[in-house]
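Please look over the sequence and the model shown here before reading on. The briefing is meant to be read beside them.

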Amino acid sequence: MNPRRRRWPPGSALGLDLRLAGAVLVGLLAAGTLLAAWERHDAQRRGDAFLQAQSLGLARYIAGRSAKLLDEQGRLQADGLRDTGMYMSMIHPALEAYLVDGRGRIVAHTLPAPGPARDRISLEPLQALLADPPPRLPIAGDDPRLPGARNLFSVAVLGRGSAPSGYLYVVLRGAGAPSLRGEDAAPTLPAWGGALALALLAGGGVIMAMQRRVTRPLRRLADQLDAFLRHADGPPAQRPLPADEVERVRLAAEALQARVLQQIRQLEDADRLRRELIGNISHDLHTPLANIRGWLETLELQDPQLSSADRLRCLQTASRHCEALARRVAELFELATLEAAQGLAHREPFCLSELLGDVVQAHQLAAERRGVSLRLAVDAAPQARVLADIGLIERVLVNLVDNALRHTPAGGVVELAVVCDANSVRLGVSDDGQGIASADLPHIFERYWTTRAEADADQRPAISAGLGLAIVKRIVDLHGGSIGVQSRLHHGTRFTITLPAG
């Protein structure tokens with residue numbers, strides 16, 4: 001991950017303090033709603049218990065005031081409830097009376113037509129209310145008007161003995177009063193809602209102020225981390241910042257982790273390059289140093305027996321190996337510098353055909369000495385332009401031309417060509433020399449590549465290809481281009497380089 005190219009994912013539009021305050025307010029709202037519902041239910045239960053407790057003797061009082069509910073034999077009189085109903089309507093219009101036999105069947109009632117919706121009620125609530133002492137109030141019994149509904153009641157036993165004749169069942173909340181379902185208790189909700197809203201507004205303001213104070217260090221940390229990353233990345237790209245401080249800290253930590261890992265990899269690469277450079281120096285300088293030492297020891301040990309011509313030959317050979325040693329050291333440091341580079345510092349647009357002409361002219365004398373024809377292709381695009389480091393591209397051409405001249409016999413031809421299209425420029429360096437074996441082609445750009453001059457010369461020592469092609473490959477990579485090679489043994493070689501057009 002490159003910290004310069006990181007992208008913040010879209011975050012919450014609210015800061016951490018606002019979201020925490022919102023979460024607390026939602027919790028308070030839920031708790032307040034549950035508290036209001038419970039308080040409403042409890043208030044209704046206490047009201048029902050108070051009403052039933054005050055009405056425990058109401059049915060006995062009404063039964064005592066009526067002498068026509070039982071006949072002389074102690075049997076229920078349905079007509080006797082009519083006068084009782086008129087008396088009850090004067091006491092309270094919401095009261096409803098029912099004459100119930102010992103099996104729970106409704107014998108008579110005070111309701112207008114069409115009467116009750118059921119013909120019997122359960123006796124268990126009646127017996128529970130008549131117990132001494134009665135269980136916890138309120139106790140609800142069946143409401144004859146509404147199937148499946150229950151209502152508060154008062155009850156009196158009619159008749160004497162162990163088997164009563166029936167019961168006077170008085171419903172306390174009839175058609176003119178709210179039932180146990182709480183349908184008329186709703187008007188208390190606006191008051192609760194107003195009080196709850198005021199409490200939430202006051203509590204929310206306090207919570208938000210406290211949350212902002214508590215999260216202030218976290219916001220400062222998020223701002224400092226983001227400012228550090230912006231400064232470290234240079235001019236930042238336009239990117240949205242999440243409002244959530246925790247998310248910003250997390251993303252900043254990820255970016256810092258990526259930066260640290262990138263720097264660790266750079267340090268590891270630098271250390272690897274350093275060790276490889278030392279290994280390369282040991283590997284590539286051993287042979288020329290051994291040759292120089294050998295010729296100097298020959299000159300030292302056999303100097304009295306050597307003629308002036310032999311002495312001069314020893315010194316010239318040692319000098320040539322010194323030049324090769326100096327060239328190899330320069331190549332090693334050049335390759336190490338290129339491999340450590342992350343980009344090009346000196347890009348400029350220039351005409352590639354003119355550079356090819358300069359390289360051909362500079363190597364013309366060396367080509368004539370070898371008997372090789374060095375030329376620029378007649379169809380080379382004269383207006384081909386690239387945006388590149390002209391010094392490094394010249395280095396590429398010099399390395400390829402030097403290789404071609406060394407491996408092309410007298411009478412051969414080395415040709416430079418350039419072809420231009422809409423998006424790229426292709427540069428070619430071809431020769432008709434000894435070529436490269438197919439087994440060696442995949443390895444020619446490797447630093448330690450060695451080859452044998454002939455395919456059947458297994459007994460011959462390996463010949464090092466030097467660092468020229470490795471340098472060429474690295475320069476092309478730095479320019480974002482590509483390099484390819486086609487070759488047949490004894491039929492020549494062609495290198496093709498593709499560079500982005502200028």
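What follows describes a predicted model, taking its sheet, the helices packed against that sheet, and the nonpolar cores in turn.

In this model, five strands make up an open sheet of mixed pairing, arranged in the order β7-β9-β10-β14-β13. Two helices described below, α8 and α11, have contacts with strands of the sheet, and several strand residues reappear among the best-connected members of the largest nonpolar core.

**The sheet and its edges**
- The edges of the sheet are formed by β7 (373-376) and β13 (482-488), each of which pairs on one side only.
- Neighbouring strands are turned against each other by 15° on average, with direction ignored.
- In general, the strands of a sheet pair through backbone hydrogen bonds, in either a parallel or an antiparallel sense.

**Pairing around β14**
- Strand β14 (residues 492-500) pairs with β13 in the antiparallel sense, and seven bridges join the two.
- Within this pairing, serine 487 has threonine 493 of β14 as its bridge partner, while serine 482 stands opposite threonine 498 in β14.
- The hairpin of β13 and β14 has three residues between its strands, and histidine 490 in that hairpin adopts a positive phi near 70°.
- β14 also pairs with β10, again in the antiparallel sense, over eight bridges, and here leucine 427 has isoleucine 497 of β14 as its bridge partner.

**Helices on the sheet**
- Helix α8 (residues 352-362) lies across three strands, namely β7, β9 (413-420) and β10 (424-431), and runs at about 170° to β9.
- Helix α11 (residues 468-478) packs on the sheet where it touches β13 and β14, and its direction makes about 145° with that of β13.

**Nonpolar cores**
- As a general tendency, nonpolar side chains in soluble globular proteins are buried together.
- The largest nonpolar core here contains 50 residues, and those with the most contacts inside it are Leu352, Leu400, Leu416, Val418, Phe495 and Ile497.
- Helix α10 (residues 390-406) supplies the largest share of this core, with eight residues.
- When neighbours within four places in sequence are left aside, leucine 352 is in contact with Ala384, Ile393, Val418, Val425 and Leu427.
- A second core, separate from the largest one, has 18 residues, among them Leu58, Leu76, Met88 and Ala108.

Note on methods
Residues numbered from 1 in each chain as written. Predicted model: local features only at pLDDT ≥ 70, side-chain atom pairs only at ≥ 80, totals over all residues. Heavy atoms only, no water. Pairing = 2+ DSSP bridges. Helix = DSSP H or I, 4+ residues; strand = E, 2+ residues; numbered from the N terminus. Axes fitted to C-alpha atoms, helices over the stretch in contact; angles between N-to-C directions. Contact = heavy atoms within 4.5 Å. Core = buried A, V, L, I, M, F, W, Y, C linked by side-chain atoms within 4.5 Å. Buried < 20%, exposed > 50% of the residue type's maximum accessible area, 1.4 Å probe, protein only.
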